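Got your viewer open? Load the model, switch on sticks for the side chains, and follow along.

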Amino acid sequence: MQQLIKATLENNNLLLLTFAKDWAQEDITQLATSIFSQLSNANILEHVEGADREYYRFVFNNSYLILHFECYSNACWIEAEDQLTTDAINSIATTLVTSSA
């Protein structure tokens with residue numbers, strides 16, 4: 001199972017997620033499951049698959065967020081759907097940083 005090793009909060013509105021190893025598009029479901037298993041209040045609304053990107057829209061603590069995966073750059077991040085939900089990003093950062101330490 002792929003391990004989350006770092007969650008870096010950028011400008012209080014973007015959470016960059018780094019995994020122990022490079023991953024491929026076929027790993028995204030497992031990666032997302034691992035992330036959401038740590039966020040007990042998260043409710044997935046939508047999963048959209050593209051040629052080299054996937055994202056999950058979800059609600060966490062009454063805030064609408066997006067978990068992005070970009071395959072070619074091996075980038076993964078969480079951002080708010082609007083700029084008013086930075087408290088939710090901070091809460092997720094605290095949860096993921098604590099669990100990956």
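Here is a short walk through selected residues, one stop at a time. Keep in mind that this is a predicted model.

**Stop 1: the salt bridges**

How many salt bridges does the structure hold? There are two, and Arg 57 is a good residue to select for both. Start with its link to Glu 46, where the closest N and O atoms are 3.3 Å apart. Glu 46 sits in strand β3 (residues 43–49) and Arg 57 in strand β4 (residues 53–60), so this pair ties together parts eleven residues apart in sequence.

Now bring up Glu 81, which also forms a salt bridge with Arg 57, this time with the closest N and O atoms 2.4 Å apart. Glu 81 is in the loop between β6 (75–80) and α2 (86–100) while Arg 57 is in β4, so here the parts tied together are 24 residues apart in sequence. Show Glu 46, Arg 57 and Glu 81 at once and you have a linked network of salt bridges.

Try a surface next. Glu 46 is partly exposed, at 30% relative accessible area. Arg 57 counts as partly exposed too, with 22% relative accessibility, and Glu 81 is partly exposed at 37%.

**Stop 2: a charged side chain without a partner**

Select Glu 70, in strand β5 (residues 63–70). Which side chain of opposite charge is nearest to Glu 70, and how far away is it? It is Arg 53, at 5.6 Å. Glu 70 is buried yet has no salt bridge; the cut-off for one is 4 Å between a side-chain nitrogen and a carboxyl oxygen.

Look for a backbone neighbour instead: the nitrogen of Tyr 72 lies 3.4 Å from a polar atom of the Glu 70 side chain. Leaving aside residues up to four places away in sequence, Glu 70 touches Trp 23, Asp 52, Arg 53, Ala 75 and Trp 77.

**Stop 3: the cysteines**

Colour the sulfurs and select Cys 71 and Cys 76. A search of the whole structure turns up zero disulfides. Cys 71 is in none, and its nearest cysteine sulfur, that of Cys 76, is 10 Å away. From the other side, Cys 76 has no disulfide either, with the sulfur of Cys 71 as its nearest at 10 Å. Because a disulfide here needs the two sulfurs within 2.5 Å, such a pair does not qualify.

Buried or exposed, for Cys 71? It counts as buried, at 13% relative accessibility. Cys 76 is buried as well, with a relative accessible area of 3%.

**Stop 4: Leu 16**

Move to strand β2 (residues 14–19), where you will find Leu 16. This residue counts as partly exposed, at 32% relative accessibility. Measure across to Ala 75: the two C-alpha atoms are separated by 7.9 Å, although the residues are 59 apart along the chain. With residues up to four places away in sequence left out, Leu 16 touches Lys 6, Ala 7, Thr 8, Glu 10, Cys 76 and Trp 77.

**Stop 5: two asparagines with positive phi**

Most residues other than glycine have a negative phi. Select Asn 62, in the loop between β4 and β5, and check its backbone: phi is positive, about 65 degrees. Asn 62 is exposed, with a relative accessible area of 74%.

Finish at Asn 74, in the loop between β5 and β6. Its phi is positive as well, at about 60 degrees, although it is not a glycine. Asn 74 counts as partly exposed, at 22% relative accessibility.

How values were computed: Residues are numbered from 1 along each chain as its sequence is written. This is a predicted model: local features need pLDDT of at least 70, side-chain atom pairs count only at pLDDT 80 or more; totals for chains, interfaces and linings use all residues. Side-chain values use heavy atoms; hydrogens and water are left out. Helices (H or I, at least four residues) and strands (E, at least two) are DSSP runs, numbered from the N terminus. Buried means under 20% relative accessible area, exposed over 50%, partly exposed in between (1.4 Å probe, protein chains only). Contact means heavy atoms within 4.5 Å. Lys and Arg count as positive and Asp and Glu as negative; His and the chain ends are not counted. A polar contact is a pair of N or O atoms within 3.5 Å; within protein, one must be able to donate a hydrogen and the other to accept it, and residues adjacent in sequence count only if both atoms are side-chain atoms.
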